[in-house]
Amino acid sequence: MSREQQVVDRTRRAFRTGRSRPLEFRIQQLKRLWSFIKERQEEICEALRRDLGKSELGSELYELLVLEAELKLAISRLAEWAAPRPVEKNLLTLTAEVYVKPEPLGVVLIIGTWNYPWPLTLLPLVGAIAAGNAAIIKPSEVSSNSSKVMEEHLCHYIDQDLYPVVAGGVQETQELLRLRFDHVFYTGSSRVGKLVMEAAAHHLTPVTLELGGKSPCYIDKNSDVRIACRRVTWGKFVNCGQTCIAPDYILCEPCIQGQVVECIRQTLLEFYGADPKCSPDYGRIINQRHFNRILSLMEGYTPVVGGQSDSSQCYIAPTVLKDVPPHSRLMQEEIFGPVLPIVTVSDMDDAISFINEREKPLALYVFCSDKKAIKRMIEETTSGGVTVNDVMMHYTLSSLPFGGVGQSGVGCYHGKHTFDRLSHHRACLVRSLNMESVNLARYPPQDRRRARRARMALRSPLIDMSKRTLIWAVVATILGVCLSIALLVILLIAAGLNCTCWYWRGFYN
Ligand code: NAD
């Protein structure tokens, strides 16, 4: 029996004990996960420095804050998320309890990636724990230092039988994928995403695939180009362009291309100084393979900004390329590095066609000051998420579902969406054995009268019997009664005054 099989068996046995289910246990584990991040912050930041050249402040801002925010949210909202959710009833089920109950799925396999190794591996875990599941955590071997810290220390904080870390490379991941899980949550490339889906299909296991692709960024000629370029420069070059929702390329009209280049150049100077290689805020490419891949994408172009590289440090300067042909290799695959091509389009119509002719992107960015045009851009395109007049900020809101569409992913997560994604929504209808006569309409022998009754009951409008509606109904009734009484009193007073008037009038007459 392989090591992976043994781990999965142990995890499933631990899940079957039922100890991952009580809400108190889930909250305790989430708190311990939080302690892990707090107490091991130094080791985590050091690992990120070694993996991706991230600064301590950058690690805190882009890796750990989002994790802490999700943990805080899950801990404070868990009781609400996990509670049965009453739904509308029809006449036939009016006296029954009808609700949707979120239940744990079982054992979840979480396959993480390397560009933000902490949130992209542990955010699904927050949802898995919150939903009462067991989970096997497979960090990416590519961010090896982060993977090592996770493997060595996580087991000292959270239940090691319910939430084990399996370190290893492609072979270990493939071995895990041969086994049976109740959900596979994968973050990484579309190429491997297909392999994951294929493996999961053997067991009919549902999957969440958080994939990548080319996220376009359209800058309208009537927008504030300077501000647009500041925001794009931040989103494109943070983490050295190795962000799944980084703007992959810019679309703009030829008349503003020069201005866009100049504004990005100025912003880069402001953000990273004259030599970004010396800036503590500018990272490194994860490894030599990706370094060579990105350099090969730039072959044949003369950069208008940047272009310098140093293979000994896996350093590639923030680079901008202009007038990139739409069908070049650079425009066929996700860049996932600090290279920003500009492709010119004739107008917004052309930009919309350009976007729609390609795979559905993970994110779309639009810089524009005309509300009608913004609405049109949103309505006539599609993408996993869209941010207007900024980049990547939709990721920061846990109220928004984060995920792709089509080739950019399957399913979404963040906040309650992760909880829901990793829960089974069980349909529950609990009746009593009373009122049997109500059921006659559906029992044989059928006749026209019974059939008519059954039809009426089934066609009756759905009735909302949720607590909130009932409270509103009670409040509305009390208010109604109060208003009626007040009206009655006013009428009586008015009538009384009238009588008095008549009396005095009669007296004086
Ligand atoms: P990667 O190489 O780290 O692979 C991710 C995981 O897949 C790893 O755990 C690895 O062990 C496993 N893996 C790799 N090859 C495999 C194979 N042949 N069979 C089975 N398992 C295999 O990550 P990557 O693929 O380089 O990730 C980069 C991609 O991830 C980019 O396309 C990026 O856009 C995307 N991404 C998406 C998101 C998102 O949230 N949508 C986030 C980050 C990255």
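This report walks through the overall form, domains, core, cysteines and backbone details of a predicted model.

## Overall form

Let's start with the whole chain. The protein chain holds 16 helices and 18 strands. Its C-alpha atoms fill a box of roughly 105 × 75 × 50 Å along the principal axes. The radius of gyration is 30 Å, whereas a compact globule of 509 residues would come in near 23 Å.

Burial and contacts add to this picture. Of the 509 residues, 48% count as buried. About 25400 Å² of the protein chain is exposed, and carbon and sulfur atoms supply 57% of that area. If you take the contacts with a separation of 6 or more, 73% of them come from residues 24 or more positions apart.

## Domains

The domain assignment splits the protein chain into domain 1 (3-209 + 416-425), domain 2 (216-403) and domain 3 (459-489). Domain 1 is thus written as two segments, 3-209 and 416-425.

The C-alpha centres of domain 1 and domain 3 are 44 Å apart. Their contact involves 6 residues from domain 1 and 7 residues from domain 3.

## The nonpolar core

In soluble globular proteins, nonpolar side chains tend to be buried together. Here, the largest nonpolar core has 131 residues. Leu33, Trp118, Leu125, Leu154, Ile219 and Val260 have the most contacts inside this core. Helix H4 (residues 56-82) gives the most to the core, with 10 residues. At least three core residues come from each of domain 1 (3-209 + 416-425) and domain 2 (216-403).

Tryptophan 118 is a good residue to click on. Leaving out residues up to four places away in sequence, tryptophan 118 touches Phe36, Ile44, Leu48, Glu63, Leu64, Leu67, Leu123, Ser146, Val149 and Met150. Among these partners, Glu63, Leu64 and Leu67 have numbers that fall within helix H4 (residues 56-82).

## Cysteines without disulfides

How many disulfides does a search of the whole structure find? The count is 0. A disulfide is a covalent bond between the sulfur atoms of two cysteines, and the sulfur distances show why none appears at two of the sites in this model. For cysteine 217, the closest cysteine sulfur is in cysteine 229, and because the two sulfurs are 8.4 Å apart, they are too far for a bond. The sulfur of cysteine 368 has its closest cysteine sulfur in cysteine 217, at 12 Å, so this pair is also too far for a bond.

Both sites are enclosed by the protein. Cysteine 217 is buried, at 0% relative accessibility, and cysteine 368 is buried too, with a relative accessible area of 2%.

## Backbone details

A few backbone spots deserve a look. Proline 444 and proline 445 are joined by a cis peptide bond, with omega at about 0°. Proline 445 sits in the loop between strand E18 (423-430) and helix H15 (448-459).

Another loop, between strand E11 (319-321) and strand E12 (339-344), contains aspartate 323. Aspartate 323 is not a glycine, yet has a positive phi of about 50°. Phenylalanine 336 is found in the loop between E11 and E12 as well, and its phi is near 50°, again positive in a residue other than glycine. Are these residues buried or partly exposed? Aspartate 323 is partly exposed, with a relative accessible area of 46%, whereas phenylalanine 336 is buried at 15%.

Key. Residues numbered from 1 in each chain as written. Predicted model: local features only at pLDDT ≥ 70, side-chain atom pairs only at ≥ 80, totals over all residues. Heavy atoms only, no water. Core = buried A, V, L, I, M, F, W, Y, C linked by side-chain atoms within 4.5 Å. Buried < 20%, exposed > 50% of the residue type's maximum accessible area, 1.4 Å probe, protein only. Helix = DSSP H or I, 4+ residues; strand = E, 2+ residues; numbered from the N terminus. Domains from an automatic or database assignment. Contact = heavy atoms within 4.5 Å. Rg over C-alpha atoms; globule rule 2.2 N^0.38 Å. Areas by Shrake-Rupley, 256 points an atom, 1.4 Å probe, with all protein chains shown as cover. Disulfide = S-S within 2.5 Å.
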